[in-house]
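User: Please take a close look at the pockets of this model and at the ligand, and describe the surroundings in one connected account.

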Amino acid sequence: MEKTFAIIKPDAVERNLIGAILKRIEEEGFKIIALRMTHLSRRQAEGFYYVHKERPFFGELTAYMSSGPAVLISLQRENAVAHWRKIMGATNPEEAEAGTIRKDFGVNIEKNATHGSDSQENADFETGYFFSKIQIHSGAS
Ligand code: ATP
Ligand code: MG
């Protein structure tokens, strides 16, 4: 079974959408392996999004991701990486398909409610950035 890494971003936590988003996750057949709410520091957000460090929006992105608590989640399912990206929808909520999480809950291209790993390699890096091996291995199998 494949794993991916998800974040319920600060804008969604702020608007009381944790429950609604977790409900979708469970309805789509994902197992929640590990979960924790954390207010990231700016440095932690910069480390997480280091692949974007040269992008023009890096400063805004890391300020936003450290602006309030976020929910960090390790998820497991068949085809987990691609399936979570599919049900999240496009980065920009305005371009996301109807029924996707970003279409329904996102505000704009930055405050787009959730994060999802874009490859198995990044899923492993991102999961390991926030969770220890023992937390992942004691979860559902
Ligand atoms: P994520 O990695 O958060 O799942 P994504 O893979 O769909 O999103 P990326 O290109 O990796 O999109 O961008 C990472 C995040 O940076 C986006 O989710 C969004 O919050 C922010 N972002 C992306 N493009 C822009 C932009 N043009 N202006 C402002 N913020 C942006
Ligand atoms: Mg991305």
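Analyst: Helices, counted as DSSP runs of H or I with at least four residues, are numbered from the N terminus, and this numbering is used throughout for what is a predicted model. With that convention, helix 7 is the element that gives the most to the lining of the second largest pocket, contributing four residues.

The largest pocket is the place to begin, with a volume of about 510 Å³. Its lining is made up of 22 residues, and those closest to the centre of the pocket are Y49, H52, F57, L61 and T91. Three elements each supply at least two residues of this lining, namely helix 4 (58-65), strand 4 (114-116) and helix 7 (120-130); of the elements, helix 7 gives the most, with three residues. In chemical class, the lining of the largest pocket divides into eight nonpolar, six polar and eight charged residues.

Ligand 1 sits in this largest pocket. There are 14 residues around ligand 1, and K9, R85, T91, E110 and N112 come nearest; T91 is thus named here as well as among the residues closest to the centre of the largest pocket. By class, the shell around ligand 1 holds four nonpolar, five polar and five charged residues.

Several polar contacts can be described for the oxygen atoms of ligand 1. From the side chain of K9, a polar atom lies 2.8 Å from an oxygen atom of ligand 1, while an N or O atom in the side chain of H52 is 2.9 Å from an oxygen atom of the ligand. With E110 the contact involves the backbone, where a polar atom is 2.9 Å from an oxygen atom of ligand 1. Taken on its own, ligand 1 has 580 Å² of accessible area, of which the protein covers 83%.

The second largest pocket, to return to the region introduced at the start, contains about 170 Å³ of space. Its lining consists of K3, A123, D124, T127, G128, F131, S132, K133, I136 and H137, and the elements that give two or more residues to it are helix 7 and helix 8 (133-137). By class, this lining has three nonpolar, four polar and three charged residues. Helix 7 therefore links the two descriptions, under the DSSP-run numbering used here, as it gives the most to the lining of the largest pocket, with three residues, and the most to the lining of the second largest pocket, with four.

Notes: Residues are numbered from 1 along each chain as its sequence is written. Chains are lettered from A and ligands numbered from 1 in the order in which they are written. This is a predicted model: local features need pLDDT of at least 70, side-chain atom pairs count only at pLDDT 80 or more; totals for chains, interfaces and linings use all residues. Side-chain values use heavy atoms; hydrogens and water are left out. On a 1 Å grid over the protein atoms alone, a cavity is a set of points where a 1.4 Å probe fits but cannot get out, and a pocket is an open set with protein on both sides within 12 Å along at least five of seven lines; lining residues have an atom within 4 Å of a point. Grid points are joined across faces, edges and corners, and a volume is the space filled by probe spheres set on the points. Ala, Val, Leu, Ile, Met, Phe, Trp, Tyr, Cys and Pro count as nonpolar, Asp, Glu, Lys and Arg as charged, and the others, Gly among them, as polar. A residue is near a molecule or strand if one of its heavy atoms lies within 4 Å of it. A polar contact is a pair of N or O atoms within 3.5 Å; within protein, one must be able to donate a hydrogen and the other to accept it, and residues adjacent in sequence count only if both atoms are side-chain atoms. Accessible areas come from the Shrake-Rupley method with a 1.4 Å probe; for residues, only the protein chains shown count as cover. A molecule sits in a cavity or pocket if more than half of its atoms lie within 2 Å of its grid points.
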